[in-house]
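Please open the model in your viewer and keep the selection tool at hand. We will walk from stop to stop, and at each one you will be told what to select and what is there.

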Amino acid sequence: MNHAFNIPRIVIAGASSNVGKTTITAGLISALKQKGFRVQPFKCGPDYVDPSYHERAAGRPCRNLDTWMLSDSQLLESFARACQDADIAVVEGVMGLYDGSDWHDERGSTAQIAKLLSAPVLLVFDISGSARSAAAAVLGYTRFDPAVAIRGVVLNFAGSEGHAVGCAGAIQAATSLPMLGWLPRDMQLTIPERHLGLVPGGEQVDSDALIAQMAAAVGARFDVDGIVAVAQAATRAVVGMREGVSAGTAEVVGAGAAPDAGASAGAGAGTAVAAVASAGPRIAPGATAPPRSVIARHPLIAVARDQAFCFYYPENLELLVEAGAQIEFFSPLRGERPSPTAAGVYLGGGYPELHGSSLASNTDLWRALKNMHADDRPIFAECGGFMVLTEGLTDSEGHTWPMGGLLPGFARMSGKLAALGYRHATALRPNLLAEPGESLRGHEFRYSSWVRDSGAVDSCAAWEVKGTRGKVPDDGVGYASGNLLASYLHVHFGQRRELAQRFVQRLYRATP
């Protein structure tokens, strides 16, 4: 059936990167939640870190909206699924408003997504070095694509209230756009950064306090009721959802962020934190393990989740559950390993390079993974997960830590960006997700490289990889052997439902 929805929605877009979108979005989400709204957060593009703040602010998973990875209809379905029990949707943009997957069109841009959702846009502009010139710049943004519904501006890094009010007056005179909020440049609301961007919200001991400060700043200097009114004006329902969006869809709680610093990522090795509900597949932390008869029908996949492995699309886990799998989270950093009943393992991305000592000491995990690989039980590893399956990981200090040893070679951190961008990946041989010649879309963002003897691994190369903006590193080919698939590639299962279905079919065959 076609699924239509009509939820108030607003896109927080930046004139460029580094204008404060994440801070403002998290603060607005928290301020709305304090007013009693059930806020569904979204982030445009392939980002795992910014969503961790929005998730903490909203108290529910933040979803990615990516029109390069997903078709328009797939993105609309994902949006609708997430918003079914929400009062308002708040979407943080990616980079600048019109920046997309290449230099020449809008695919993957915040502007395209806003138009697809029929969502009004608040443009965040850095006025730290501007006065009346800010009006000229904002005017350019409104005229570049008149189909983008810019409905107001947020002025950041103001020298004073007078500076903000002056710029706002010039902007309104030139464009008729109101200022719906501003922040001074001296506010201490900076989110710490590291090599992959902002430090995830779950790792910040004081992240809740920081989000509370963001909410207070937004509450004091933003017209929150005015922003809600703009969001409510988005009255045109978006239609054309694929069949299958129903109350029985899977829900993953906290799949996109690391747990609190010092908190357990699960209830211990082998403890299931996912179960199949009678109304449909569902994941709920704290659920008890189902009877063995249920396990037989729903094979168990162990998912690593802690501060070293915290980059997952929530939809990937949901689609695995919908395809028939049961999910169990475990924390390698806490010395945990997959339970003996696990039919397979999913190792996501994250920051294993910051935890070399702890991971190296978890020899029970590496032994378990080697045994699973020997039994040809499915093992799927993305980016950070790929790194820890090599023979060793060399961190930024130059120390090499022994790792899983399922793949030849070493993962070596460098002081510079090794790869960034969208990827077309064509399967070179059968693997967990694709048949030879089939192509998927993914993305890479990494500061490490795979140091290996190319000749020794060519026979197990998983992918032929091409970028959207030129040549890509040759170590992105990954590794496929039997039911083991590991690479730097992050893949969104929503682009083709059979990806999760194929994975689960392998799990069924491998169930202990």
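Select Lys 115 to begin, and you will find a residue that is partly exposed, with a relative accessible area of 26%; here buried means under 20% relative accessible area, exposed means over 50%, and partly exposed lies in between, all with a 1.4 Å probe and protein chains only. Before going further, note that this is a predicted model, in which local features need pLDDT of at least 70 and side-chain atom pairs count only at pLDDT 80 or more, while totals for chains, interfaces and linings use all residues. Residues are numbered from 1 along each chain as its sequence is written, and side-chain values use heavy atoms, with hydrogens and water left out.

Lys 115 belongs to helix H4, residues 110–116; helices (H or I, at least four residues) and strands (E, at least two) are DSSP runs, numbered from the N terminus. Now add Glu 106, Asp 145, Ala 147 and Val 148 to the selection, since these are the residues in contact with Lys 115 (heavy atoms within 4.5 Å) once its neighbours within four places in sequence are left aside. Of Ala 147 we can also say that its C-alpha atom is separated from that of Lys 115 by 7.1 Å, although the two residues are 32 residues apart along the chain.

Next, select strand E2, residues 39–44, where 6 of the 6 residues are buried, so that the strand is largely enclosed by the rest of the structure. If you show the side chains, you will see Val 39, Pro 41 and Lys 43 pointing one way from E2, and Gln 40, Phe 42 and Cys 44 pointing the other way.

Which strands lie beside E2? One is strand E4, residues 88–96, which runs parallel to E2 and is joined to it by 5 bridges, with Val 39 having Ile 88 as its bridge partner in E4. Another is strand E3, residues 63–65, also parallel and joined to E2 by 3 bridges; two strands pair if DSSP finds at least two bridges between them. In E3, look for Asn 64, which stands opposite Lys 43. Following the chain from E2 through helix H2, residues 50–58, to E3, you trace a right-handed β-α-β crossover, a name that applies if, with the strands pointing away from the viewer, the path from the first strand over the helix to the second runs clockwise.

Cys 44, at which E2 ends, leads to the next stop, so select Cys 62 as well. Why is there no bond between the sulfur of Cys 62 and that of Cys 44? The closest cysteine sulfur to that of Cys 62 is the one in Cys 44, and at 9.6 Å it is too far for a bond. The structure holds 0 disulfides, a disulfide being a pair of cysteine sulfur atoms within 2.5 Å. Cys 62 is buried at 3% relative accessibility, and Cys 83 is buried too, at 6%.

Move on to His 443 in strand E20, residues 439–446. Is His 443 buried or exposed? At 4% relative accessibility, His 443 counts as buried. Its side chain makes a polar contact with the side chain of Tyr 313 at 3.3 Å; such a contact is a pair of N or O atoms within 3.5 Å, where within protein one must be able to donate a hydrogen and the other to accept it, and residues adjacent in sequence count only if both atoms are side-chain atoms.

Widen the view to the open sheet of 4 strands in the order E22-E19-E20-E25, with antiparallel pairing. Strands E22 (463–467) and E25 (490–491) stand at the edges, each with a single partner strand, so one side of each is left without a neighbour in the sheet.

For the final stop, look for aromatic rings, of which the structure holds 13 pairs; rings of Phe, Tyr and Trp (its six-membered ring) pair if their centres lie within 6.5 Å, and planes under 30 degrees apart count as stacked, over 60 as edge-to-face and the rest as tilted. Tyr 98 and Phe 144 form a tilted pair, 4.6 Å centre to centre with 50° between the planes. Tyr 98 is buried, with a relative accessible area of 17%, whereas Phe 144 counts as exposed at 62%.
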